[in-house]
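Trainee: I have a model open and would like to understand how its labels were assigned. Could we go through a few of them together?

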Amino acid sequence: MEREEMRAYCLGKSGAWLDQPWEGDEVVKVGSRIFAFLGSPDGEPRVGVKCGPSRDVADEWIHRYPADAKPSPYIGRSGWNTLRLDGEIEDEELTVAVDASYDAVVAKLPKRERPPA
């Protein structure tokens, strides 16, 4: 999957919007919270997503795709992984991971910030 395809997929989610909280790095948020880290447009094609409620659950991705999945820096202990877009992970699995991350983040949003269903 190309980076721009992933960016468009993320932005197609209800209430999603693009932000650059750090110089040169793009993230996609719903409400006030990030559900996908896209990094720099010039960097490695990847997406950082919430892959489970804990590191133990998120480690399934690392066991299945050791070359293409790794714990996200700083927040990996909370179940976030970075997944390569141009590796062995199929596009459908990448979009499922984004969907799960989006759903997990929306579920934790205050009701006033949740997008319409």
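**Cysteines and a buried lysine**

Mentor: Happily! Keep in mind that this is a predicted model. Let's start with cysteine 10, whose relative accessible area is 0%.

Trainee: Why is cysteine 10 called buried?

Mentor: Buried means under 20% relative accessible area. Cysteine 10 has 0%, so the label applies.

Trainee: And what makes cysteine 51 count as buried?

Mentor: Its relative accessibility is 13%. That value is under 20%, so cysteine 51 is buried by the cut-off.

Trainee: Why is there no disulfide between cysteine 10 and cysteine 51?

Mentor: A disulfide needs two cysteine sulfur atoms within 2.5 Å. The closest cysteine sulfur to that of cysteine 10 belongs to cysteine 51 and is 12 Å away, so the pair is too far apart for a bond. Accordingly, the structure holds 0 disulfides.

Trainee: Now to lysine 50, in strand β4. How do you know that lysine 50 has no salt bridge?

Mentor: A salt bridge requires a side-chain nitrogen of Lys or Arg within 4 Å of a carboxyl oxygen of Asp or Glu. For the buried lysine 50, the nearest side chain of opposite charge is aspartate 59, 12 Å away, so the criterion is not met.

Trainee: Which backbone oxygen lies 2.3 Å from a polar atom of the lysine 50 side chain?

Mentor: That of serine 78. The backbone oxygen of glycine 52 lies 3.4 Å from a polar atom of that side chain. The cut-off for a polar contact is 3.5 Å, so both distances fall within it.

Trainee: What else does lysine 50 touch?

Mentor: Beyond four places away in sequence, its contacts include Trp80, Ala97 and Ala104.

Definitions and conventions. Residues numbered from 1 in each chain as written. Predicted model: local features only at pLDDT ≥ 70, side-chain atom pairs only at ≥ 80, totals over all residues. Heavy atoms only, no water. Buried < 20%, exposed > 50% of the residue type's maximum accessible area, 1.4 Å probe, protein only. Helix = DSSP H or I, 4+ residues; strand = E, 2+ residues; numbered from the N terminus. Lys, Arg positive; Asp, Glu negative; His and termini not counted. Polar contact = N/O pair within 3.5 Å; in protein donor to acceptor, adjacent residues only side chain to side chain. Contact = heavy atoms within 4.5 Å.
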